[in-house]
Amino acid sequence: MNANEKYIFLQINQLGIMKDLFERIIENKGPLGKWASQAEGYFVFPKLEGPISNRMKFQGKEVITWSINDYLGLANLPEIKKVDAEAAAEHGAAYPMGARMMSGHTEYHEQLEQELAAFVQKESAYLLNFGYQGMVSAIDALVSKDDIIVYDVDSHACIIDGVRLHMGKRFTFKHNDIESLEKNLERAKKMAEQTGGGILVISEGVFGMRGEQGKLKEIVALKKKYNFRLFVDDAHGFGTLGKTGAGAGEEQGVQDDIDVYFATFAKSMAGIGAFLAADKQIIDYLKYNLRSQMFAKSLPMIYVKGALKRLDMLRTMPELKAKLWENVNALQNGLKERGFDIGTTTSCVTPVYLNGSIPEAMALVKDLRENYGIFCSIVVYPVIPKGLILLRLIPTSTHTMADIEETLVAFSAIRERLENGTYKRLSAAVAAAMGE
Ligand SMILES: Cc1ncc(COP(=O)(O)O)c(C=O)c1O
């Protein structure tokens, strides 16, 4: 074989083993994507219509909505919508243009940061355009390759993705398991002593699927021994927990010991955006090193002015949080009295665990929506272990006792049908088609 033939042979051979990049994507749609043909438009990507409230429309029918994180019922309040509309009329959707560092900075951004910092009892705060990106970027900015991250294995995807950017060592600890945390802190400490780096522990104020608060008090108790800094994602705790609504740290009496606090506006604030809060020195560092903000356009004024109004309501209307908790307690107690397994939630997030396959879960949720007018999120494998169905209910201050009573009656009915095999029969064809 001469050199030319050899070259052609190698090319053909390579063509033989090489794949088109999209081949895998088209063949393997991923653990959730494989359900798309059965689920899309109904179980996933559903279209809820009408004003955001306790009752909305799904496919033309009224449903009680238990899947919206509008904890304090702010999303549809006329006074909030007025501020949003006035900001839109004055500034449009674009202002200010550019990144904060370059041209996208305003006095309102600063004012919001000062008010947020005061609300969560920290010296300083910095705005993020989106919680997800902000969290990824904050983890990236806080650690160097010599530092070690220790984080809860059940962390939100934004924490997992932030840790992925880390060039140094990372350890997970078993979910909310302090013994496991301590074991990993021992390892982290030894390693940090070699690298000359520090340790960042990351937990959540509230774990959004199961509703458990992160064991912040117990984590903080280990700080002296292991000399770490604590970063808390309090997306679900902000506005809903603690005496003043400052979140899980305030609820557990350890707000001061959270070194970096994160919350999003996407839940109790019913908006878009997020923030970090910490000592001034740390926020000053983040302002100059947080890539998601340095290289992205500033949060538009609609969201900034809108957030100022929402924060004002969080501060001045404690009755919203009180009503939320009245509903949370009525729902959670009602479920427990009826023998439902709601796990170990210590927040508003209300999980209901049932046993069944994915096709059974689909039949059950369809029954709930079509025959009982109840709309809640359904969580299945791979988010939770195989064979478990998690119906996740998010109570808000807009729900009524009638909504709760109707829901409890419906849940008792669907549990009976799940247990007597009705959903198994109804979903047999889907199960066979999907090889389940
Ligand atoms: C725990 C947690 N962290 C971060 C985020 C991301 O926040 P955002 O929606 O503002 O991107 C969410 C979801 O909203 C969340 O539940």
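Let's start with strand β10 (residues 274-278): five of its five residues are buried, so the rest of the structure largely encloses it. Buried here means under 20% relative accessible area, with over 50% called exposed and anything in between partly exposed (1.4 Å probe, protein chains only). Strands are DSSP runs of E with at least two residues, helices are runs of H or I with at least four, and both are numbered from the N terminus.

A quick word on the model: it is predicted, so local features need pLDDT of at least 70 and side-chain atom pairs count only at pLDDT 80 or more, while totals for chains, interfaces and linings use all residues. Residues are numbered from 1 along each chain as its sequence is written, and side-chain values use heavy atoms, leaving out hydrogens and water.

**The seven-stranded sheet**

Back to β10. A274, L276 and A278 point one way and F275 and A277 the other, and all are buried. The strand belongs to an open sheet of seven strands, ordered β4-β10-β9-β8-β7-β5-β6, with mixed pairing. At the edges sit β4 and β6 (170-173), each pairing on one side only. Neighbouring strands are turned by 20° against each other on average, direction ignored. Two strands pair when DSSP finds at least two bridges between them.

Here are some of the pairings, including one from the second sheet:

| Strands | Bridges | Sense | Example partners |
|---|---|---|---|
| β4 (residues 124-128) and β10 | five | antiparallel | S124 and A278 |
| β9 (residues 260-264) and β10 | five | antiparallel | T264 and A274 |
| β5 (residues 148-152) and β7 (residues 199-204) | four | parallel | I148 and I199 |
| β11 (350-355) and β14 (residues 388-393) | six | antiparallel | V352 and L391 |

**Helices on that sheet**

Helix α5 lies across β4 and β10, running at about 125° to β4. Helix α6 (residues 131-142) also packs on the sheet, touching β4, β5, β7, β8 (228-233), β9 and β10, and its direction makes about 175° with that of β8. Contact means heavy atoms within 4.5 Å. Angles run from 0 to 180 degrees between N-to-C directions, and axes are lines fitted to C-alpha atoms, for helices over the stretch in contact.

α5 (residues 107-119) has a helix partner too: its axis and that of α14 (residues 301-316) come within 10 Å and cross at roughly 30°. The two are therefore roughly parallel to each other, a label for angles under 35 degrees (over 145 is roughly antiparallel, 65 to 115 roughly perpendicular, the rest oblique). On the α5 side, the residues in contact include Y108, L112 and F119, and on the α14 side they include M301, L308 and R315. By class, this contact has 10 nonpolar, two polar and three charged residues. Ala, Val, Leu, Ile, Met, Phe, Trp, Tyr, Cys and Pro count as nonpolar, Asp, Glu, Lys and Arg as charged, and the others, Gly among them, as polar.

**The three-stranded sheet**

There's a second open sheet, three strands in the order β11-β14-β13, paired antiparallel. Its edge strands are β11 and β13 (377-379), and the twist averages 25° from one strand to the next. Helix α15 (residues 318-337) lies across β11 and β14, at about 20° to β11. Helix α16 (residues 358-372) lies across β11, β13 and β14, at about 30° to β14.

Finally, what about S347, in the loop between α15 and β11? At 2% relative accessibility, S347 counts as buried. Setting aside residues up to four places away in sequence, S347 touches V206, G211, W325, V328 and Q332.
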